[in-house]
Amino acid sequence: MLIETKNLTKRFGGLAAVNNVDFSMEKGRINAIIGPNGAGKSTFFNLISGFHRPTSGTVLFKGIDITKLPANEIAGLGISRTFQTTSLFDQSTVLDNVIVGHRLRTKSNLVDAILRTKRLKREEAACRDKAMEVLEIVGLTESADRIVSSISQEEKKRTAIALALATEPEIIFLDEPAAGINPDETEGLTELIKKLNRSGLTICLIEHKMHMIMNLADHIMVLNYGEKIAEGTPKEIRRNEAVIKAYLGGSASA
Amino acid sequence: MKILTKRNGIIALIIFAFSFPFIAQNDYYLHMLTLSFIWAIAVYGINLLSGYTGYLSLAHAGFFAIGAYSLGLLTVKAGMNFWLALVCACLITCALGFLIGLIALRTKEHFFAIYTLCVGYIIYLVIDKWEGLTEGVRGLIGIPAPGNIGPITFDTAASQYYLVLIFLLAVILIVYRIIRSLTGRTYMAIRNSEDLAQTIGISTMKNKLTAFVLSTFFAGLAGALYASFIRFIGPDIGSTAIMFDLLMYLLVGGIGTLSGPLVGTLLLVILSQNLQFLQEYRMLIFGPLLTVIIIFYPRGIAGAFFDWQRKRKDNTLSGVRGELHIKAEEG
């Protein structure tokens, strides 16, 4: 198991945003988390990536407990994520936005910067190469020198994924990668996610576009009111009564 | 070959700066420029933290005063050699900056600005009230001018001008190298989004603290140079009025730009010297000017210039693209 959560719980005051969730993600698979709005999906991501401390429960990465690690150290281990809203720097180019993504794999510090040491130059070149490499993977080589404020929403999503890839992750968490983009572009993004997965990357995504999820995911977990109500293959999830009830309300058997 | 390149422009500016004492026969202009260079060093410090790392500090007049008083006390009361005192003054400022940064950086945005405003005021109060050490409102007098380096002395206006100019150029070079390096990219990533910076593996606290300490170093250096240049210091140099002057220089020149601190400081110091006859009514000009700049040019004069340059470049580019497009259609 690449990532496992055990009895993961997060309470905000009296509200249990995530309640006793056990979930495991196998290496090399595309995992998906779905659920109605406010089901705790993003909170679940925040718990794994170190943004929130869980109230109780543990998160394991390759069997190592990472529950209490700060977000930047979790990133260093090879767990990367994107946000629902892409928070890129608008005034700067696509390439410049992505270069810093490889920073965590470099060692040069302030002294290197002031003295412009060989190490700094070498690492800068490495970061640039890495950025071009990941931009090629997401299909943005042509747009590398464009200012972020002038590219489309879909290209911004791709840039955010490129930035996450530049950290050299083993698993990438995508928070609603297809939100706010049109069906054609969604198709393109689905292809990209499949391509990333084929290259060996484990993926976990939150998405509302059911068509996309059912096409893409190997393994789905459904959250509702912070609790896991179902888990399985797309086929199983489609037939699951609890899921149908959560999405459509009322009882499916009535 | 283009003659009007950026590089040649900078070289011309540096040559002009070095030949200025020969052009200006008047010591008054030299004095004014030297003083604005000293302020500019402090503004570069603020810019590194507020412009590039995204933390608006209002404590830097306080750190400026710490630098000035450290140098003043070490030379006047402890009789220390000027150059040694200069180094110590910077180190003292950094050490206090480190301790204050450790606490202040736990806050963000407005809270950080308010917190540091209070810190700045407390520094001012300590200097003002601790008469046993700082002589309080009487101020420190008789601070020595920079000591000789071998045959070079610093007793004329021109030699002091050169000394400060060299410090300023060194500061600009350091800031330039930082912002163009991976470290600078790290700071800008923090300014852009601290959450995102963390997810790409950046230890935000460590980097913010480094930027904070470095920015207090520049403020302290400027303060120490000020003390030895003016030879007299009072608690007022750490007052909030000075802080907002420095902030105004930064905002008008261009926050988060490399040339902004110098442009803003020179422009406003010279402007305010020439408007001396208006006395306090000068603020009637500065107030609206600042408001207009913040509304229309949030990145100041330097930012506005670069935006204009980029737009012009984009236009010519899109013009070329348009022509290609037409040709392709014709073909």
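**Strands in chain A, helices in chain B**

In this predicted model, strand 1 of chain A (residues 3–12) lines up with strand 2 of chain A (residues 15–25) in the antiparallel sense, and 7 bridges join the pair. One of the matched pairs is Arg11(A) in strand 1 with Ala16(A) in strand 2. The hairpin made by these strands has 2 residues between them, and Gly13(A) takes a positive phi near 60° there.

Strand 1 of chain A also pairs with strand 4 of chain A (residues 56–61), again in the antiparallel sense, this time over 5 bridges. Here Ile3(A) has Phe61(A) as its bridge partner in strand 4.

Over in chain B, the focus turns to helices. Helix 11 of chain B (residues 240–253) packs against helix 12 of chain B (residues 260–274) at an angle of about 115°, and the two axes are 7 Å apart. The crossing of helix 11 and helix 12 is right-handed. On the helix 11 side, the residues that meet helix 12 include Met248(B), Tyr249(B) and Leu250(B). On the helix 12 side, Gly260(B), Pro261(B) and Leu262(B) are among those taking part. Sorted by class, this contact comes to 9 nonpolar and 4 polar residues, with no charged ones.

Helix 13 of chain B (residues 283–296) has 14 residues, which at 1.5 Å a residue should span 20 Å; the C-alpha atoms at its ends are 20 Å apart, so the expected and modelled values agree. Helix 13 of chain B is hardly covered, with a count of 1 buried residue among its 14.

Notes. Residues numbered from 1 in each chain as written. Chains lettered and ligands numbered in written order. Predicted model: local features only at pLDDT ≥ 70, side-chain atom pairs only at ≥ 80, totals over all residues. Pairing = 2+ DSSP bridges. Helix = DSSP H or I, 4+ residues; strand = E, 2+ residues; numbered from the N terminus. Expected span 1.5 Å × (residues − 1). Buried ≥ 20, exposed ≤ 12 C-beta atoms within 10 Å, placed from the backbone. Axes fitted to C-alpha atoms, helices over the stretch in contact; angles between N-to-C directions. Left-handed = near helix turned anticlockwise from the far one by under 90°. Contact = placed C-beta atoms within 7 Å. Nonpolar A, V, L, I, M, F, W, Y, C, P; charged D, E, K, R; others polar.
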